[in-house]
Amino acid sequence: MEGTGFSGFESEDGREMYPVLDRFFHAYLTERDVEKTLSLVSENIYSLGTGEEEVAVDKEGFERLLRMEMSVIPGPIRYRIMDYTEKQVREGLWQCFCRMETAVAQRLEEPVFYMTRLTAVFREEEGRYLAESLHMSEASRNQEGEEFFPLRFISGQAAKLQAEAQRGLLDILCGIMPGGIIGGYIEEGFPLYVVNDTMLDMMGYTYEEFVEDVAGMVINTIHEDDRERVTRDVFRRMEAGKDYAIEYRVRRKDGSSFWVYDVGRKITAADGRSAIISVLLDISGDVQRRKKLEEESETDFLTGVYNRKGGETLITRRLEKAVPYVFFMMDLDNFKQVNDVYGHDEGDNMLHFVGQLLKKSFRQTDIVTRVGGDEFAVLACPCGDVDAVRKKADLIIREYAAEAEAKCPRSRTSISVGGIYGSAPRDFQELYRLADEVLYEVKQKGKGQCRIHRHDAE
């Protein structure tokens, strides 16, 4: 090709994409023209170079890589394309495969030559072909015959894949962000199609152990509690013909699990069946940090129970459907006397005592909330035995009285409890109003007691 010092293409006879590929690399390598190069790629360009950081998943990222590279190597790069083949996947979509030899001139030294392999996809858009996917790789001598970077295909599948189909699948996989890779057919249970060594390492398996343990089904790699949601969301997105991104837990060989961010794409496998190729990133650390922040934002730091925001959200969510429950309010009578006579430190100690007493007295599935100041609320749900809850409340009243007698006897503080039980769906505000009415009756007729009334839906 003129200006490159190389001979360029070997032949153009019967090669539809020769001129397209030629224009792209001439603008990119010879002219070093960013804007002209960008005009020859799609808005959704996927590009993967030979360097660890040479990854772009859109045109903006591709432009950033171009400008970074050209700031380091501003001068022209000579190139030669060899062993070129191409395949029309469907109308308006072509795949190209070749080897490329490039030469970078060094000051006062002989040029440095590089030999790489290129996989490219061009799509017709508004009457012209634009690059949609570019993957440049170096040949490795360390991989087995049925592996790609390295990918292990299901037993027997590799023998059925022809060389060009393998390269086509490689192009699709490399067009997605790097990470653990797993693929399954879009059928019930997602029969296993492909898995890479990174994914096997993340799960702690050898290839043979993995295939046996999951019984050939990708769904069996997913945590039991997440399978229904993942299946529903993935099928819904695939029916719409779209890519998807989803978070869920993956099982390890040892029975533990870790959180992943799964970015998936629908493809057509070599045997003509629809399949998904997914890139999975381990986000367990991010999820743990996020959950910790959520817990801290919903927890009352002094008592260790939910604060009003956290309790209100959980209670409303829990009672969206009809389910038997008991909800009651608790008020610490004469609590101002504790602070005034014994100081705020002792007042804080008593509040902490109440929080821990309530957490100890009720199930982990029940919701204990510090509503504010010296008020607490408890939702016992599901609950079909109101008498058992009433007995727990009476015991809490006695234990608090004993603690108050020991720590702050002159305050004459006690606990009053008023609540309701039923099964009608209600939000927190309605529960609070109804229980507060009962609590008011208790405080009017004598503090330090418990009353729980039935409230059915009208």
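Let me start at a turn. In the hairpin of strands E5 and E6, two residues sit between the strands, and Glu126 takes a positive phi near 55°. Keep in mind throughout that this is a predicted model.

Now the strands on either side of that turn. E5 covers residues 112-125, and E6 covers residues 128-137. They run antiparallel, joined by nine bridges. To find the register, look at Phe122: it stands opposite Ala131 in E6.

E5 has another partner. Strand E4, residues 93-104, also runs antiparallel to E5, and 12 bridges join the two. Here the pair to look for is Ala103 opposite Phe113. So much for E4, E5 and E6.

Next, another hairpin, made by E8 and E9. Six residues lie between these strands. Gly189 is the one with a positive phi, near 80°. E8 is residues 180-185, and its pairing with E9 is antiparallel, over three bridges. Gly183 has Val194 of E9 as its bridge partner.

How many residues of E9 are buried? Five of the five, residues 192-196, so the strand is largely enclosed by the rest of the structure.

On to a helix. H11 runs from 335 to 342, and Phe335, Val338 and Asn339 are buried in it. Why do these buried residues line one face of the helix? Down the axis of H11, they fall within an arc of 90°, so one face is what they line. The general rule is that an α-helix has 3.6 residues a turn, so residues three or four places apart point the same way.

What does that face pack against? The buried residues of H11 pack against strand E13 (325-333), helix H12 (344-361) and helix H13 (386-407). Just after H11 comes Gly343, with a positive phi of about 95°.

Last, confidence. Mean pLDDT for the protein is 82, and 84% of its residues reach 70 or more. Two stretches need a caution. Over residues 1-13, pLDDT is below 50, yet the model gives this stretch 31 contacts beyond near neighbours in sequence. Residues 140-164 also stay under 50, and there the model has 48 contacts beyond four places in sequence. Where pLDDT is low, the predicted coordinates should not be read in detail.

To recap the turns: Glu126 has its positive phi in the hairpin of E5 and E6, Gly189 in the hairpin of E8 and E9, and Gly343 just after H11. That's my tour. Over to you.

Key. Residues numbered from 1 in each chain as written. Predicted model: local features only at pLDDT ≥ 70, side-chain atom pairs only at ≥ 80, totals over all residues. Heavy atoms only, no water. Buried < 20%, exposed > 50% of the residue type's maximum accessible area, 1.4 Å probe, protein only. Helix = DSSP H or I, 4+ residues; strand = E, 2+ residues; numbered from the N terminus. Arc of directions from axis to C-beta. Contact = heavy atoms within 4.5 Å. pLDDT = per-residue confidence, 0-100. Pairing = 2+ DSSP bridges.
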